[in-house]
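This report describes the packing, aromatic pairs and strand pairing of one protein chain. The sequence and the model are shown below.

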Amino acid sequence: LLFAQNFFKHPMMLGSIIPSSRFLIDSLLAEVDFSQARTFVEYGPGVGSFTAELLRRMHPDARLTAFELNTDFVEHLRARLPDPRLRVVAGSAANVQAELGAGARADVVISGIPFSTMPPEVRDAVLDATRDCLSPSGALLVYQFSRAVRPHLERRFAQVHERFIPLNILPARFWACRR
Ligand SMILES: C[S@@+](CC[C@H](N)C(=O)[O-])C[C@H]1O[C@@H](n2cnc3c(N)ncnc32)[C@H](O)[C@@H]1O
């Protein structure tokens, strides 16, 4: 309900009226080696569908920094998921390097922010910052309803693998991007 209410207030910022399905979450997280990854980042956690599952699967020493612009969702996440491994940043994904700390690298970045409806300069700032903060073996996992982001991923990442997930409302795609 919180998610749907916020969709009507900020449709372009959310990009969807309901949270991601179990099928999308499981398919995308199958790309992650949870035994190795320690530094996780999430963009646009919303009400925490991916966040809760990440925390469930993450190593006890791993850390997750989640960036969310919507303050209703920030408050909800902090109350719903009081896990010491999670830090919810009330701000834009474009600030990823500053929040991780100078020189820090991410092993996994999961992005649900709607790249096709945000201003192109914000999209480019987020994707450039993400490429620059990924560890050499790290992965950016992007899920979207639109394919419009694909050329922007291909311009920045050597490997971009696409998967289509029909069992989601709306049917979604994700891209696993590696440097
Ligand atoms: C489609 S919702 C994803 C929700 C959730 N991750 C899920 O799978 O159900 C997109 C979210 O991205 C957030 N968002 C949009 N632009 C953002 C940005 N530049 N930085 C951080 N969060 C952003 C919105 O507030 C919204 O919560």
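## Aromatic pairs

The model is predicted. Searching the whole structure gives 3 aromatic pairs. In one of them, Phe34 and Phe40 are stacked, with 5.6 Å from centre to centre and 15 degrees between the planes. Phe34 counts as buried because its relative accessibility is 12%, under the 20% cut-off. Phe40 also counts as buried, at 1% relative accessibility.

Another of the pairs is formed by Phe50 and Tyr143, which are stacked at 4.6 Å centre to centre with 25 degrees between the planes. Phe50 belongs to helix 4 and Tyr143 to strand 5, so this pair ties together parts that are 93 residues apart in sequence. Phe50 is buried, with a relative accessible area of 2%, and Tyr143 counts as buried at 11% relative accessibility.

## Nonpolar cores

The largest nonpolar core contains 29 residues, and Leu29, Phe40 and Ile110 have the most contacts inside it. At least two residues of this core come from each of helix 3 (22-29), helix 4 (49-57), helix 5 (71-80), strand 2 (63-68), strand 3 (86-90), strand 4 (106-111), strand 5 (134-144) and strand 7 (172-178). Helix 3 gives the most, with 4 residues.

Which residues does Leu29 contact, leaving aside its neighbours within four places in sequence? They are Phe34, Phe50, Glu53, Leu54, Arg57 and Ile110. Two of these, Phe34 and Phe50, recur in the stacked pairs, Phe34 with Phe40 and Phe50 with Tyr143. Ile110, in turn, is among the residues with the most contacts inside the largest core.

A second, separate core has 25 residues, including Tyr43, Phe67, Val89 and Leu100.

## Strand 7 and its partners

Strand 7 pairs with strand 5 in the antiparallel sense over 6 bridges. Within this pairing, Arg178 of strand 7 stands opposite Ala139. Strand 7 also pairs with strand 6 (residues 159-165), again in the antiparallel sense, over 7 bridges. Here Arg173 in strand 7 is the bridge partner of Phe164. The connection from strand 6 to strand 7 is a hairpin through 6 residues.

Is strand 7 largely enclosed or left open by the rest of the structure? Of its 7 residues, 6 are buried, so strand 7 is largely enclosed. Strand 7 also supplies at least two residues of the largest core, as does its partner strand 5.

Terms used: Residues numbered from 1 in each chain as written. Predicted model: local features only at pLDDT ≥ 70, side-chain atom pairs only at ≥ 80, totals over all residues. Heavy atoms only, no water. Core = buried A, V, L, I, M, F, W, Y, C linked by side-chain atoms within 4.5 Å. Buried < 20%, exposed > 50% of the residue type's maximum accessible area, 1.4 Å probe, protein only. Contact = heavy atoms within 4.5 Å. Pairing = 2+ DSSP bridges. Phe/Tyr/Trp six-rings, centres within 6.5 Å; stacked < 30°, edge-to-face > 60°.
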